[in-house]
Amino acid sequence: MTAPLLAALSPSHCPSLLTSTISASRHGAVTPRRGRRACSWSTARGRGGTVSRISCSSTLDDTPAGLITVAKPNYVKMKATVKVEHTDPSNRKVLHLELVSSDLDSQTGREKTPIPGDAYYWGTDPVCGHEFLLEATFDVPVSFGPIGAVLVENEHDKKMFLISIVVAPGNNESASVTFEGNSWIKPRSADTVKHVFFSLKSYLPSETPPGVESLRESELKAICGDGSGERNELDRIYDYDVYNDLGKPDIDDNLTRPVLGGDAHPYPRRCRTGRPRSDKDPSSEKAGNYVYVPKDEVFSPSDDLEFLLNKGLMSSTPGLWTMLDTSERKSLSFPSFTAIDSLFDDTVVEQPPSTPSAMLVEMARKLLNAWRPASDRMEEALQALKGLKFEMPKLIASTNQLQSQYIEFPFVSKLDEKEYGPRESGLTKELIEEQIGQAMTVEEAVEKKKLFMLDYHDMLLPFVNDVRELDGTTLYGSRTLFFLTEQGTLRPIAIELTRPKGKPPILAEAWSQVFTPQQWDGTGSWLWKLAKAHVLAHDSGYHQLVNHWGMAVEEEDGTLTLTIKDYPYANDGILVWESIKEWTSDYVKHYYSSAADITGDKELNGWWDEVRTQGHADKKDEPWWPKLDSRESLVQVLTSIMWVTSGHHAAVNFAQYPLAGYFPNRPTIARKKMPVEEGPDRAEHMADFRAKPEKELLEVFPSQFQAVLVMTVLHVLSSHWPDEQHMGRHMEPAWEADPIIKSAFEKLQDNMLKNEGIIDERNEAKDLKNRCGAGVMPYELFKRSSGAGDTGKGLPYSISI
């Protein structure tokens with residue numbers, strides 16, 4: 001099971017039906033003659049979250065055919081086969097199981113006594129050699145009724161990963177009931193609460209079979225935190241807290257960090273750990289030796305191994321990292337662009353490294369070549385990306401057009417002029433019209449939606465002086481202006497870099513300058529390259545926090561028209577959004593016949609209340625929160641959550657190494673100020689720049705140490721894991737059992753395949769200049785399928801790193 005996306009926001013109240021993978025039907029397949037439905041609620045572990053659901057499957061009331069033995073009259077012999085991963089096989093008892101009936105006792109009106117049994121090691125799974133099979137037998141009264149749940153205790157002395165339980169009468173597999181696990185089981189010595197697993201079919205809370213109703217409620221309560229107690233790494237409890245664990249004040253006062261969350265710094269909440277408070281800073285927690293994530297949300301054992309292997313590569317030469325861990329060596333620049341390109345060249349004849357710098361470059365080259373994907377996409381990236389590409393900017397609007405995602409012209413800072421300098425921008429009407437070749441006036445360009453901007457001016461300017469006090473770095477506030485050409489591409493036409501007034505005792509005046517593309521002026525051309533490097537460093541630092549812009553205008557009929565026709569992210573993203581929305585809509589309509597069903601679902605409303613009031617406590621009273629009062633509003637909420645954690649995150653995350661692995665294309669830091677900046681060293685700086693402009697640019701780029709470190713991290717972040725499940729690939733057994741849900745999921749599968757075909761066609765369309773052409777990488781980030789590693793495509797169901 002993969003992709004529970006709702007749980008990523010507020011898993012402890014994740015409703016029975018509404019998981020990102022969307023559980024199975026209420027009505028189910030046709031039951032056998034004289035049969036009953038075994039119904040229950042489950043919490044199943046997936047790569048990105050916990051699946052909570054009510055489940056059911058068919059079992060016979062009468063003694064089934066095909067029994068191998070009968071313990072005594074009116075009893076049947078049942079067998080449970082348990083599949084577990086990474087445990088120590090032995091002949092001794094491993095698990096204690098108890099079968100729970102979906103029915104109440106007809107005499108007492110209370111739950112029936114569960115039927116116990118012990119599971120022993122039986123063999124190894126013939127397909128997956130690291131998975132082991134356990135077997136238990138039970139004597140079950142024929143009047144017991146459908147099996148709705150299995151209680152599990154781990155008799156082993158270590159944690160165990162339980163994959164599934166299949167209960168069948170004797171060897172009659174056709175009458176089996178499946179209980180999906182995918183969950184970690186604590187040793188009984190560490191957990192007195194029995195783990196509950198429910199069968200597959202989904203139900204609304206009001207339809208819970210009476211025999212497992214209390215189990216459903218107790219299981220939900222078991223994973224909901226109450227704000228008390230300290231978590232350990234085997235817990236599966238969800239609770240909320242502010243980010244008060246970012247610093248280490250007890251080690252060093254300089255490592256004190258502000259708390260994220262609360263009035264001073266509003267922020268979404270994290271999983272609460274309950275660790276003791278810092279001795280020096282009572283508002284902070286003591287540092288822990290691991291990051292707490294509910295155990296069922298962490299990597300599976302195979303993923304853990306893959307992640308550790310990647311970490312091993314990152315630290316494969318610890319002696320080298322230690323040797324380079326000095327300020328002098330960390331600041332070494334690359335001597336040339338040839339040295340940078342050699343990182344990606346596996347044809348370089350190896351020479352024994354003679355210096356720490358050469359050793360670092362050689363290590364990086366070997367690591368990067370070891371990670372090189374089979375498709376060898378980096379060769380395309382080197383050709384396509386050496387032009388220092390920009391992120392998507394925002395649209396410029398006049399005052400009467402202004403919307404939340406637009407920037408108003410003329411450009412005026414909102415910062416205090418006395419502290420930061422003049423508010424007016426140097427990007428004037430005259431300069432803009434000159435740069436667009438007098439093709440139109442600024443007013444006409446704004447009206448035709450031709451001007452766009454990356455605006456990091458007011459955002460970064462307050463931090464410039466503080467950043468400049470750090471060794472080996474600098475900062476500006478920046479504005480970058482683009483013009484939309486007739487070919488549908490954005491052409492950068494001007495960059496404005498600004499330094500605010502200096503802080504005492506350095507009372508320098510504010511400085512600002514506009515740089516433009518210069519084809520015929522050598523000095524101006526190199527200054528343009530330097531200015532682009534600074535802006536890209538700003539954009540890289542902001543990347544993890546920023547959304548792509550949809551850049552769409554709503555027409556009178558409600559349809560959306562893209563402002564930039566050739567915008568691959570928006571064009572392909574809409575395909576995925578619509579596919580998700582159709583699947584979600586089909587699912588919701590199948591379970592909720594009316595708005596009353598939605599408002600009456602106590603678990604659904606408890607989950608949504610928790611999302612707002614606990615997960616986002618600082619914004620809980622904002623008026624923009626949707627109300628779950630109709631099928632349409634529920635579909636919109638679910639589609640948005642599923643889109644953000646699948647398609648949107650995939651587009652932002654898996655492009656990092658393909659697009660930024662060649663770091664001159666997207667430097668993560670600018671280490672040196674512009675040579676034309678006013679100051680006492682300006683004349684000397686300009687003389688050095690004119691003499692060796694390439695050396696100047698290399699000294700602005702990250703150092704060798706910084707570049708290799710960032711490239712390594714980007715590779716890990718951009719890599720797919722071997723057992724990822726991608727959107728529309730895997731059909732849950734419960735979905736397949738319901739004809740309506742099965743049909744809806746098959747539509748999702750078909751839509752995803754069609755989307756891949758459309759994306760391939762677009763990448764071959766010669767009129768789409770942003771995705772087709774010499775040296776232009778095809779845009780594949782919304783193609784569903786991907787193998788393991790760094791591929792630049794693939795849509796996992798959820799965020800896993």
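Helix α14 is mostly covered, with 15 of its 21 residues buried. It belongs to a predicted model, and this briefing looks at that helix and then at an open sheet of eight strands.

**Helix α14 and its partner**

- Spanning residues 522–542, α14 reaches 31 Å from its first C-alpha to its last, close to the 30 Å expected at 1.5 Å a residue.
- At the N-terminal end of α14, Asp 521 acts as the cap: one of its side-chain oxygens lies 3.2 Å from the backbone nitrogen of Thr 523.
- Helix α21 (residues 693–700) packs with α14 at an angle of about 5°, and the two axes are 10 Å apart.
- Since angles under 35 degrees count as roughly parallel, α14 is therefore roughly parallel to α21.
- On the α14 side, the residues in contact are Trp 526, Lys 529, Leu 530, Ala 533 and His 534; they meet Pro 693, Glu 694, Glu 696, Leu 697 and Val 700 in α21.

**The open sheet**

- Reading across the sheet, the strand order is β9-β8-β3-β6-β5-β4-β7-β10, with antiparallel pairing.
- β9 (177–185) and β10 (195–198) each have a single partner strand and stand at the edges, so one side of each is left without a neighbour in the sheet.
- On average, neighbouring strands here are turned by 25° against each other, direction ignored.

**Around β10**

- Four bridges join β10 to β7 (residues 147–154) in the antiparallel sense.
- Within this pairing, Phe 198 in β10 stands opposite Ala 149.
- Helix α2 (residues 213–223) lies across β4 (93–101), β7 and β10, and runs at about 125° to β10.

Key:
Residues numbered from 1 in each chain as written. Predicted model: local features only at pLDDT ≥ 70, side-chain atom pairs only at ≥ 80, totals over all residues. Heavy atoms only, no water. Pairing = 2+ DSSP bridges. Helix = DSSP H or I, 4+ residues; strand = E, 2+ residues; numbered from the N terminus. Axes fitted to C-alpha atoms, helices over the stretch in contact; angles between N-to-C directions. Contact = heavy atoms within 4.5 Å. Expected span 1.5 Å × (residues − 1). Buried < 20%, exposed > 50% of the residue type's maximum accessible area, 1.4 Å probe, protein only. Polar contact = N/O pair within 3.5 Å; in protein donor to acceptor, adjacent residues only side chain to side chain. Parallel < 35°, antiparallel > 145°, perpendicular 65-115°, else oblique.
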